[in-house]
Amino acid sequence: MTLAPKSMNINSPLEISRALLMALSTTMFRYYENRIPQDASIIVTSNHRSFMDAPLLMAALSHPIRFACHHYMGQVPVMREFVTHALGCFPLEAENQRYSSLLEQSEILLKSRQMVGLFPEGTKPMVNFTQPNQVAEFQRGFAHLALRCKVDNLAILPIAIASIEEVNTSAIPLKFLTLFDPSEPLFNQPGWHPLVVYRRVAVLIGRPYWIKSKHREMYQGKKAKTVVTEISNYCRSEITGLLKEGI
């Protein structure tokens, strides 16, 4: 298990995020900040199209967020140092250890009242050119995580990132990334990794979904799939609705 160094200044990811938005001349509009839970453990979920999403969400919530990120980001020199040390993200382990590691690390962070960030759409929207109003199907790992974490007063906070004006370009060939994570099939295709830079963007904060004892009681046997589906559908519906409003 590898978490970012505990000696890291807890506010530095927030300061770096704000500096990055300023350097890129990004104008951010924030809506419904009164929905941010207070004095609670929070799992932040959002749509995901740009490398700017994690810093943007930190700046929008005025709080550092410990984002789980793709395995390869912990393998690429320079990127690894920026992602883990500067932004405080934690790259996921190799595929066979991925979920158990995510659960263990997230539980530690949430118990200390640090925010944990997850992008339920996964890698696909990041490596394929997508429209600002598109939301891919959600992977349900975040719902399983919330139900399995032994953390009291836990909320999932859905947030929509609505790009109003952006610049689209390309970063590196996708196949180059197979050097760092050959297990990811999305990298084994022709084309380039998109690079989306927001010029004007709205961040719309959704209504939190509180994980209560009744949800954990349902999370067993045949009822488990029902409660996981309910959480996943709620967050995706909330984000999709807010995205239409923002764009």
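Visitor: Where is Asn153 found?

Guide: In this predicted model, Asn153 is found in the loop that lies between helix H6, residues 141-148, and strand S6.

Visitor: Why is Asn153 called partly exposed?

Guide: The relative accessibility of Asn153 is 36%, and since buried means under 20% and exposed means over 50%, Asn153 falls in between and therefore counts as partly exposed.

Visitor: What is the phi of Asn153?

Guide: Phi of Asn153 is positive, at about 55°, although Asn153 is not a glycine. Tyr32 is another residue other than glycine with a positive phi, in this case near 65°, and the place of Tyr32 is in the loop between S1 and strand S2, 41-46.

Visitor: What makes Tyr32 count as partly exposed?

Guide: Tyr32 has a relative accessibility of 29%, and because the partly exposed class lies between the limit of 20% for buried and that of 50% for exposed, Tyr32 is placed in that class.

Visitor: Which residues make the nonpolar surface patch?

Guide: The patch is made by Phe29, Tyr31 and Ile164, and it covers about 250 Å². Ile164 belongs to strand S6, which spans residues 154-173.

Visitor: How do you know that Ile164 can be part of a patch?

Guide: A patch residue needs over 30% relative accessible area, and Ile164, at 37% relative accessibility, is above that cut-off, although this value still makes Ile164 partly exposed.

Visitor: Why is strand S7 called largely enclosed by the rest of the structure?

Guide: Strand S7 runs over residues 192-205, and 10 of its 14 residues are buried, which means that they have under 20% relative accessible area; the strand is therefore described as largely enclosed.

Visitor: How do you know that S1 and S7 pair?

Guide: Two strands pair if at least two bridges are found between them, and S1, residues 27-31, shares five bridges with S7 in the parallel sense, so the two count as paired. Within S7, Leu204 stands opposite Tyr31.

Visitor: How many bridges join S6 to S7?

Guide: The number of bridges is 12, and S6 and S7 run antiparallel, with Ser163 standing opposite Val201 in S7.

Visitor: What volume does the largest cavity have?

Guide: The largest cavity has a volume of about 30 Å³, and the structure holds one cavity of 30 Å³ or more. The lining of the largest cavity includes Arg49, Asn168, Pro194 and Val196.

Methods. Residues are numbered from 1 along each chain as its sequence is written. This is a predicted model: local features need pLDDT of at least 70, side-chain atom pairs count only at pLDDT 80 or more; totals for chains, interfaces and linings use all residues. Side-chain values use heavy atoms; hydrogens and water are left out. Patches are made of residues with over 30% relative accessible area and no salt bridge: like charges are joined within 9 Å, nonpolar side chains (Val, Leu, Ile, Met, Phe, Trp, Tyr) within 5 Å. Accessible areas come from the Shrake-Rupley method with a 1.4 Å probe; for residues, only the protein chains shown count as cover. A salt bridge is a side-chain nitrogen of Lys or Arg within 4 Å of a carboxyl oxygen of Asp or Glu. Helices (H or I, at least four residues) and strands (E, at least two) are DSSP runs, numbered from the N terminus. Buried means under 20% relative accessible area, exposed over 50%, partly exposed in between (1.4 Å probe, protein chains only). On a 1 Å grid over the protein atoms alone, a cavity is a set of points where a 1.4 Å probe fits but cannot get out, and a pocket is an open set with protein on both sides within 12 Å along at least five of seven lines; lining residues have an atom within 4 Å of a point. Grid points are joined across faces, edges and corners, and a volume is the space filled by probe spheres set on the points.
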